[in-house]
Every structure is written in structure tokens, then in C-alpha cells.
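Colleague: I have some questions about the fold and the charged pairs. Could you take me through them?

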Amino acid sequence: MKNIQFDFNNLFDFCVGAQHGVTDEDVREISGSVANAHRHLEKILSSRESRLRLNLEWAELPYQSAQSLREIKKLAAEVRKYDNLISLGIGGSYLGLKAAQDALCPAYFNEFKSGRKKSPRIYFEGNNLDPDTLSVLLKNLNPKKTFVVVISKSGETTETKAAFMAVEAWLKRAIGKNYGRQIIAVTDPESGTLRKKVNQAQALDKLSFRSLPLLKGVGGRFSEFNMGLLHLAVMGIKIEDVLAGAASMRKICSQPELEKNPAYLYAALHTILYRKKNKPIAIMMPFSETLKSTADWYSQLLAESLGKKYGRKINLKSDNTEEWLADKSRVVNVGRSPISCRGTNDLHSIQQNNIEGANDKVITFIRVEKFKEEIKIKGEPADLLNGKNFSDLIKLAQEATEWALLQEQRPNCAIILPEVSPFSWGELLFFLEMATAFEGELLDINAFDQPGVEGYKNYMYYKLNKPGLPAETVNQIKNNPLKKDPKYIL
Ligand code: PA5
């Protein structure tokens, strides 16, 4: 199997100049931090106890037992008997699935039976509170022919919970008391209201609210190879190939040497560009329509993992394992800001700013060598497009974009996929996960929590009169109301 490749040339001074590119001296300077970060990460990854406590168990997901994959496939076979599947989830419980579907299934999956083969149509909901989408779905789908998979690790997330309540009522109305047989819940094995619901339903009927556990020590955005597996199997994708790609990349990304480890090199070069060359914006631009949602998935991975207010405080416990705390005495406010887009579409939108706007961005291209399909253009013999293949044109457009950026000293790099196959896609996701984890180490922050997401949730809970909110949170909301001067409302 041909591995994915990486081209980091255009991040260096010899391509974009020393003001905007990495120099050998910059690499020498960071090499001590890279060695420390590798030692630290390896120490955590080699201890199950540490992986579980610090949420780094995702690194083990490429290696799953044949038995657990069999169980997932068995459940998937049942879902495949239905015409439609509604998949409910948000953030890490949604973006990986959407990315997989767009990348690995034929385009217009829901529209055409020929591409879907025997899979149901798959609709994503529970990732917003906009009533205009779910209501259309529920008005048009036949509940008797629709299966529902609800994914929520906490079981408490408002968007998913609200959508599930609506869908559950809809199913119940049409199916009656056995409606739970058309539901699978993917949630924490022990805690949360969704788990409670599963336990109650299962006590009465083993076929109702069947569930797949989310593994301990795996955060939502790092869990596509856990919570996303049922969805892959429902789409008829060979899970083993995706995991084999991830395992292959895991091996490559365990090497300590920067020049052999693409995840470390990606993280180190972007850290230099961020810290020393004033490049806080991270643009992911696949030259592929089907990888746009993979770029969206990466946006979440980068933003939630690295966008942090406080530095990390490490407490060493008596058993030599670590506890990570937010060091409230060290406000760092770090993290590159992600933008996801795609070529060639966005060459006619944000590219103008990439070339002539502030030189504060680093662009990561994803280049596909062999597309699943091909179109050879037929036209007037004199037309410059006559006889050309679409796939050659898109590759040329990517090369041209690279060239245009270099003329203006804009750093960029490329991830090159031989094809968008389950194996390559597994490699790509694992690479980005490891690169993000390593970047977190270099920034010395906790890349596996997301405390900043709590602010809006708490405000909503307060307004919705949720009992049990901490007094400190309640007081903060009461003492800091939104200011709405009518003068500025026009
Ligand atoms: O990465 C994360 O942990 C988050 O993005 C969660 O996936 C997201 O908030 C959804 O949470 P839950 O699965 O608990 O509903």
C-alpha cells in the first residue's frame, strides 16, 4: 500500500525568505523542545493508566480486537435494512462521521442508489438548534423505514439532546412501544442521562436502545476511530482498512527523529511559524471536493485542542503518573486559528486575501494523486481544455496556487494522498491527531480538554433554569449581563 507523503519545502526560508520561512537555525533552536516533547508524549502513551487519565487513549484506537469489530458490523447489518438513518451528534460526535462519508462514499450519496449500494440514506442532525432542517426531515421521512443513531459521550449536550427528544417522540408516535428497537445510542459506558436511558430500556427489552460504548480516555474530537466505526460499517466501508492506515501512521509517527516523523515535523514547523514568524492563521485547503469536511474536522481538532487560555501545570503523583491542571497563574491565550476551505472553489474567494492580505497565514494543501473517477474534456480541437482530464487540471491548479503563494512569500505545505481510500484517509486522520497532540506538547498546554466551550453552555443552562449550577457560575452570569445600549441598535 502506498503511504501518504508530505512536502514541507515551502515552509522554509529558501522558498519564502527568512522573514516568513523557517531557517535551519530555527529548527536547531526548537530541537531541544522537540526531544523533550517526544520523551514526554512517549511516557504518557506507554502507560495505559496515564492514557486513560489524560485522554490519550485515542493513540491505541488503530489496534482494535476482531471481536469488537464483528459486533459493530453485526449492528451495522441491522441498520442497513432500513431506508434511512438519522445520525445525531455534534462536534466530535459528528464531524468525523461527516468527513468519512464525504471522503469515502461516492458523491451525492443520498441521492443515488447506485452509489449507495445497499446502504441507507444518511442524514446528520443534532449538530445545530436550527429548527428549519430537522423539521423538514421529520415531515418527509417515513419513521417505519428510519433508524436513529444518537451519539453523545456526555449524553447531555443540548443540541443533540433536543434533536433526540424530537426524533424519539416522532418515532414513538409512529411505531408505538417498540420504537426503541430503531435506536442505537453511542455514549459513555457508565455516566450521563443517555446511558441511564439505555440501561432503563435494556432492562425491559434487550432489543431496545442497543448501545455501543465509547472507550474511556478518548475525547470526542479524537474518537472517529471509535464512535465513527458503526457509521463506516453502515456505509459498507471496510473498517479494517481505515484502522490499518491509522496503525501504519502511528508507527511512522512514533519515531523520535524530526526528519523521519511527519507529525512532529508538521507540528514543529508550524510552531516556529506561529511563534517566530507571526503566522497565527492555519488554512487547510484540500484540492478535492470530498475532503472539505475532513478540513472542517481538522478545524475543530485544532481549535478545541490548542486554543487555550492557561498553560499546563503537571503534578507528578506518587505512582509516577501525571495529573494535568490549568495553571491559572499563567495566561497564555495560544492556538492557531483554523480556516477550512477547498480548492479550486475557494481560489475564487479567500485566495485573494491569502495572496495579498496580511502575511499571517500558513496554508496546508491536501493533494490527491489519483481520483476515483475521471472526466476527459471533449471540445473544439483548438480549445486549450480539449483533451484534458479534470484530475490533471485540479492538480495543475494546486501547483499553480503553490507557485502564486511563493511569489508573495506566503508559506505553505502539502499532504499528498495517493488516493482517497479508506487506508489513506485513516493515515491522514491519525497524522493530524498526532501532529495536534505534539503541537500541544510544544505549546505546553492540555490539548485534550475544551473548557472554553462551557461558557455558552452555562449561560444557556442558567436561562433554562437548570438546577445545580455552581454559585460562582450563577453569580458571574448575574453580575455580567449583556449590554444592549439602544443607541447602537439600528
Ligand atoms: O471534542 C469534544 O470532546 C467535543 O467536541 C464533543 O465531541 C462535543 O462537545 C459533543 O459532546 P458529546 O459527545 O458529549 O455530546
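Modeller: One cut-off to begin with: under 20% relative accessible area is buried, over 50% is exposed, and in between is partly exposed. Keep in mind that this is a predicted model.

Colleague: Is K260 buried, partly exposed or exposed?

Modeller: The relative accessibility of K260 is 45%. Buried needs under 20% and exposed needs over 50%. So K260 counts as partly exposed.

Colleague: Which residue does K260 meet in a salt bridge?

Modeller: The cut-off for such a pair is 4 Å from nitrogen to carboxyl oxygen. Here the N to O distance is 3.9 Å. The partner has 31% relative accessibility, so it counts as partly exposed. That partner is E257.

Colleague: Now the sheet. Which strands stand at the edges?

Modeller: The sheet is open, with mixed pairing, and its 5 strands run in the order β1-β12-β11-β7-β10. An edge strand has a single partner, so one side of it is left without a neighbour in the sheet. That describes β1 (5-7) and β10 (337-340).

Colleague: In which sense do β7 and β10 pair, parallel or antiparallel?

Modeller: Strand β7 covers residues 281-286. I281 stands opposite S337 in β10. The two strands pair over 4 bridges, and the sense is parallel.

Colleague: Which helix packs on this sheet, touching β1, β7, β11 and β12?

Modeller: Its direction makes about 150 degrees with that of β11 (361-370). The helix spans residues 262-276. It is α13.

Colleague: How many residues apart are R250 and E60?

Modeller: They form a salt bridge, with the closest N and O atoms 3.1 Å apart. R250 is buried at 9%, while E60 is partly exposed at 22%. R250 lies in helix α12, and E60 in the loop between α3 and α4. The pair links distant parts of the chain, 190 residues apart.

Colleague: What is the relative accessibility of K308?

Modeller: K308 lies in strand β8 and pairs with D449, in the loop between α17 and α18. Their closest N and O atoms are 2.9 Å apart. D449 is partly exposed, at 27%. K308 counts as buried, because its relative accessibility is 7%.

Colleague: Which residues are joined into one network?

Modeller: The structure holds 28 salt bridges. Some of them share partners, and these join residues into one network. Its members are R312, D327, R330, E441 and D444.

Technical notes: Residues are numbered from 1 along each chain as its sequence is written. This is a predicted model: local features need pLDDT of at least 70, side-chain atom pairs count only at pLDDT 80 or more; totals for chains, interfaces and linings use all residues. Side-chain values use heavy atoms; hydrogens and water are left out. Two strands pair if DSSP finds at least two bridges between them. Contact means heavy atoms within 4.5 Å. Axes are lines fitted to C-alpha atoms, for helices over the stretch in contact, and angles run from 0 to 180 degrees between N-to-C directions. A salt bridge is a side-chain nitrogen of Lys or Arg within 4 Å of a carboxyl oxygen of Asp or Glu. Buried means under 20% relative accessible area, exposed over 50%, partly exposed in between (1.4 Å probe, protein chains only).
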